[in-house]
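Visitor: Please choose one part of this model and take me through it closely, then place it in its wider setting. I would like the cut-off behind each term as you go.

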Amino acid sequence: MIELKGIAAAAGISVGVAYKVDKEEFIISRQDISEAQIPLEIQLFEDALIKTRREIIELQKKIGLKMGKAEAQIFDAHLLVLEDRMLIEEVISRLKKDKLNVAFIFQEVLKKYVSIFAKIEDEYLKERVADINDVGKRVLRNLLGKEKNSLSELKNKVVIVAHDLSPSDTAAMHKKSVAAFVTDIGGKTSHTAIMAKSLEIPAVVGVEDATNSINTGDMLIVDGTLGVVVVNPDQKTLKSYYSEEQKLKGVTEKFLFTKGLPAITIDGVKIEINANIEFPDEVSAVKLHGGEGIGLYRTEFFYMNRKDSPTEDEHYRAYKYVAEEMNPWPVIIRTLDLGGDKFLSQFQIPYEMQPFLGWRAIRFCLARPEIFKVQLRAILKASVHGNLKLMYPMISGIEELRQANKILNEAKEELRVKGILFDEDIQVGAMIEVPSAAMTADILAEEADFFSIGSNDLIQYSLAVDRANEKVAYLYEPSHPAILRLIKNVIDSAHKANINVGMCGEMAGEPSFALILLGLGLDEFSIPPQIIPELKYLIRSMTLAQAKEIAEAALRFSTGKEVEEYAQAKLREILK
Ligand code: PEP
Ligand code: MG
């Protein structure tokens, strides 16, 4: 039995058998080969092409039966890539000339093709890059004798162990087949962790040794609450974890009685408690836990795990559903926030050294108004079905807010011309997640209807700590004095301009930090649905005056650690 320590990413305890997933990106070493090996390498290449062809035809048949002919035809393009004489001949001639292993050469030729296609100013040809990549990976896998891992096709319930998982890998998982997951790298507020929470799959990330120490078939206990993974536990440990699991379930249920009750402090101040969702069907979890609205609907997951972008009608149907289900409660739709650690294959975003500082979120939408407008029109159209608001991610200053609103106004005008109704007074908010926005909150407050603080990003940008990097996770401190001061500035500026301010980052769902936020004057908390009952209970157990005292004291400390210890002690006092 060994115990591994990591970062608690998604709460809960699961016991299950490990299933190790190899890295999708293959590291292929360059190896010299002799003249005599050339025919063998060519044979290897041909076998891999034949095997890949067979796989694709089989997949095409399956998809054809399940989804129809049109969907199956997508694979015709894949088959064409496999038959491309130029590509095949280039691999063989370079193999003969350079005398290197075929896997290495194939990968090089593939890279060249991808970069040529990506540069061509033609949408159709650009889309072929995804096909080439897809087929290329299949061929490489067959060349290296690897099995294809498909997380969405797992049959038995397992614990996934991987070096890393992207948010879209996680989005493809099902609670039915994945008991938990463990990764070598990652941080608490990475989108992979956020996705695990929304799927209610316990997860521990940043376990540096996970893929080295765990083998497929090992028995694992994954404690996503404490960030611990036990490999091949003895009976005694297993038993104690089972009883801990029961206790945890009991705690969640204990607070569920708050479901129909408002989040109101003892001295009569009503606080808005909303939920964060990633998928429309999560509205049932929101209602089950007593959420009074949705403070953050992360719509980019709608674009994931698919080759095309959702159509305006698909957007509209999803937003209409959420609006109607939650009506009359508010639903804040956050416009497309791709980039950072969320990549969407259909947009072919160029590789960036610092994706979190790069072409992401509102920057992408302002540069591609034709994509942005599809979503904006759909939100506007759905606004007649409930209480919808919208907000833009990653606003860094007033000019971006104005540019986004200009495009929104164009979208509104397009609907008016067609006689399509929408909520003319729809509220438009700005996420405050870039330090420059937090510092100029007074200016932004003049032109935004509300603020929502995205603490996950605000912390990473202010403290210069990559939110998805376990190596610097110890520096990621929501309680850092710089963060508290920034938040105070945002709240005070919003209130001076008479607008509401919420927080939809993970910080809002940590009870000890929530105490401080409440005291700083936060109007709305948007958190994962499962935490709502506990937060409501906390708010109902204290006065706003008490919270204000706590916040004032917290602002006087000089380190995040002191703030955290103080807030924890106060929390224990209140919940006693
Ligand atoms: C945030 O940054 O706090 C936020 C809520 O947005 P996301 O986590 O999706 O970046
Ligand atoms: Mg963010």
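Guide: A residue is called buried when its relative accessible area is under 20%, exposed when it is over 50%, and partly exposed in between, judged with a 1.4 Å probe and with protein chains only as cover. By that rule Gln375, at 1% relative accessibility, is buried. The coordinates are those of a predicted model, in which local features need pLDDT of at least 70 and side-chain atom pairs count only at pLDDT 80 or more, whereas totals for chains, interfaces and linings use all residues. Residues are numbered from 1 along each chain as its sequence is written, chains are lettered from A and ligands numbered from 1 in the order in which they are written, and side-chain values use heavy atoms, with hydrogens and water left out.

The part I would choose is the site of the two ligands, beginning with the metal. The magnesium ion, ligand 2, is coordinated by Glu433 through OE and by Asp457 through OD, at 2.0 to 2.2 Å. Glu433 sits in the loop between strand 13 (427-432) and helix 15 (435-439), while Asp457 belongs to helix 17 (residues 455-463), so the two donors tie together parts that are 24 residues apart in sequence. Donors here are N, O and S atoms within 2.8 Å of the metal (3.2 Å for Na, K and Ca), and because water is not among the atoms, such sites may look incomplete. The helices (H or I, at least four residues) and strands (E, at least two) are DSSP runs numbered from the N terminus. Glu433 and Asp457 are both buried.

Ligand 1 also involves Glu433, whose side chain places an N or O atom 2.9 Å from an oxygen atom of the ligand. Backbone atoms take part as well: a backbone N or O atom of Ser455 lies 3.1 Å from an oxygen of ligand 1, and a polar backbone atom of Asn456 lies 2.8 Å from an oxygen of the ligand. Taken alone, ligand 1 exposes 290 Å², and the protein buries 100% of that area; accessible areas come from the Shrake-Rupley method with a 1.4 Å probe, and for residues only the protein chains shown count as cover. Around ligand 1 there are 16 residues, of which His191, Arg298, Arg334, Asn456 and Arg467 come nearest, a residue being near a molecule or strand if one of its heavy atoms lies within 4 Å of it.

Arg334, one of those nearest residues, also gives a sense of distance to another element. Its C-alpha atom is separated by 27 Å from that of Val204, 130 residues away along the chain. Val204 is found in strand 6 (residues 203-205) and is buried, with a relative accessible area of 0%.

To return to Gln375, this residue is part of helix 13 (residues 369-382), and its side chain makes a polar contact of 2.9 Å with the side chain of Thr299. A polar contact is a pair of N or O atoms within 3.5 Å; within protein, one must be able to donate a hydrogen and the other to accept it, and residues adjacent in sequence count only if both atoms are side-chain atoms.

For the wider setting, the protein is divided into domain 1 (2-23 + 150-245), domain 2 (35-144) and domain 3 (259-575), with bounds that come from an automatic or database domain assignment. The C-alpha centres of domain 1 and domain 2 lie 33 Å apart. Over a longer span, Ile407 and Pro39 are 368 residues apart in sequence and 59 Å apart in space, C-alpha to C-alpha; Ile407 lies in helix 14 (residues 398-418) and is buried at 9% relative accessible area.

Some backbone details deserve a check as well. Most residues other than glycine have a negative phi, and most peptide bonds are trans. Lys99, although not a glycine, has a positive phi of about 50°; this residue lies in the loop between helix 3 (85-98) and helix 4 (102-119) and is partly exposed at 29%. A cis peptide bond, with omega about 10°, joins Asn327 and Pro328, and Pro328 is in the loop between helix 11 (312-326) and strand 11 (330-334).

Finally, the whole structure holds zero disulfides, a disulfide being a pair of cysteine sulfur atoms within 2.5 Å. The sulfur of Cys365 has its closest cysteine sulfur in Cys504, 16 Å away, which is too far for a bond.
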